[in-house]
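Me: Please take a close look at one part of this structure, the open sheet. I should like a connected account of how its strands are arranged and what packs against them.

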Amino acid sequence: MVDAPRRRPARTAWLRPVGDAELELRYRVVHGYRRAFRMAGEGPALVLIHGIGDSSQTWAELIPDLARSHTVIAPDLLGHGASDKPRADYSVAAYANGVRDLLTTLGIESATLVGHSLGGGVAMQFAYQFPERTERLILVGAGGVGREVNPVLRLVSLPGAHLMLSCLRLPGMRVQVGLAAHLMKLLDTDLGQDAPELLTLVDALPDETSRNAFIRTLRAVVDWRGQVVTMLDRCYLTEGMPTMLLWGDRDSVVPVRHAYGAHEAMPGSRLEIFEGAGHFPFHTDPDRFVSLVEDFTATTVAADWSRDHWRALLREGRPGTTAGRPDTARTRAVERDLREASERSAT
């Protein structure tokens, strides 16, 4: 059940202003590959993980506010943005390892993770692989809950995707894509809510190397049937870890029903729905997004990982989805996704 509507929290007191130089891209070479990232501010660490085909630029307008009370780290995942794009492993597990290694080089031992779309799956995987380094989870339109995903992404996962994406670079194609996106916006379609981001995705694939990295990343998490990885089978392990879910109710990429399913499966999680927002609620209402993140980090205690508690949770296993709980439509949806999870990778 969605949490009761809350009065928008007041902004926390600013610690200091953030200079423009702090928002510029920096670089670290890890395992021989150059990794780009933005880092600004002081205070508890807050890691912002972008979605597929995106980059740290997606957080650019939010970083100055968040960095007044946090040390904000926003990486360009390998294969994205200004980071290298090798022929490499682009699974969520590999991305979680990459985030850990970058944080280690920066001297950051633990952090609150904010993950959007694919980045939400990476954040969940990070929390699973490295619970002792995860203070909180904030998942924004996160992948890895249900099977459904936008049909366009399923199409791009098929053979021949290289040719299809190459066509986007033909003369005049960007104009046509822009007109189509504008039309979807005018028609008030759900996908039209994210029209500017669709154009950004086209611009993010300027060459064959970028397109190859995009396709390899996509095929690691999506096939013609939909999403192929799940976090539902391990959500019970978030018990004791402060978790907040942020979703747009008009998300056409990862439907909002996934938010309710994840909320049901994650003990003690907090759910906030952005009405009228699509897949990028932090672009639709950045002030509310920043306020919610600040309130959540200020009013929750960072997870205190215990090996004994982790062992106990693993031994007890995932609780039954209906025992002691009402047979609601939302619960049945969670059960259906859990059954589907047995057919999908649980890396």
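Reply: The following account begins with the chain as a whole, turns to the sheet and its helices, and ends with the cavities.

The model is predicted. Its chain contains 13 helices and ten strands. Of the 347 residues, 54% count as buried. The accessible surface of the chain amounts to about 15,500 Å², and carbon and sulfur atoms account for 55% of that area. Among contacts in the chain with a separation of 6 or more, 77% are between residues 24 or more positions apart.

The part in question is an open sheet of eight strands. Read across the sheet, the order is S1-S2-S4-S3-S5-S6-S9-S10, and the pairing is mixed. The edges are formed by strand S1, residues 26–30, and strand S10, residues 270–274. Each of these two has a single partner strand, and therefore one side of each is left without a neighbour in the sheet. From one strand to the next, the twist averages 25°.

One pairing within this order may be examined in detail. Strand S6, which covers residues 134–140, runs parallel to strand S9, which covers residues 243–248. Four bridges join S6 to S9. Across this pairing, Ile 138 stands opposite Met 244 in S9.

Two helices may now be added to the picture. Helix H11, residues 286–299, packs on the sheet. The strands that H11 touches are S3 (45–49), S5 (111–116), S6, S9 and S10. The direction of H11 makes about 170° with that of S10. Helix H9, residues 257–265, lies across S9 and S10 and also runs at about 170° to S10. The edge strand S10 is thus a point of reference for both helices.

A further matter is the empty space enclosed by the chain. Rolling a probe the size of a water molecule over the atoms shows where such space is left. In this model, the count comes to three cavities of 30 Å³ or more. The largest cavity has a volume of about 300 Å³. It is lined by 23 residues, of which Gly 143, Gly 144, Val 221, Gln 227 and Val 229 are the closest to its centre. Helix H3 (118–129) and helix H8 (208–221) are the elements that give two or more residues to this lining. Of these, H3 gives the most, with five residues.

Terms used
Residues numbered from 1 in each chain as written. Predicted model: local features only at pLDDT ≥ 70, side-chain atom pairs only at ≥ 80, totals over all residues. Heavy atoms only, no water. Buried < 20%, exposed > 50% of the residue type's maximum accessible area, 1.4 Å probe, protein only. Contact = heavy atoms within 4.5 Å. Areas by Shrake-Rupley, 256 points an atom, 1.4 Å probe, with all protein chains shown as cover. Pairing = 2+ DSSP bridges. Axes fitted to C-alpha atoms, helices over the stretch in contact; angles between N-to-C directions. 1 Å grid on protein atoms, 1.4 Å probe; cavity = no way out; pocket = protein on both sides within 12 Å on 5 of 7 lines; lining within 4 Å. Points joined across faces, edges and corners; volume = space filled by probe spheres on them.
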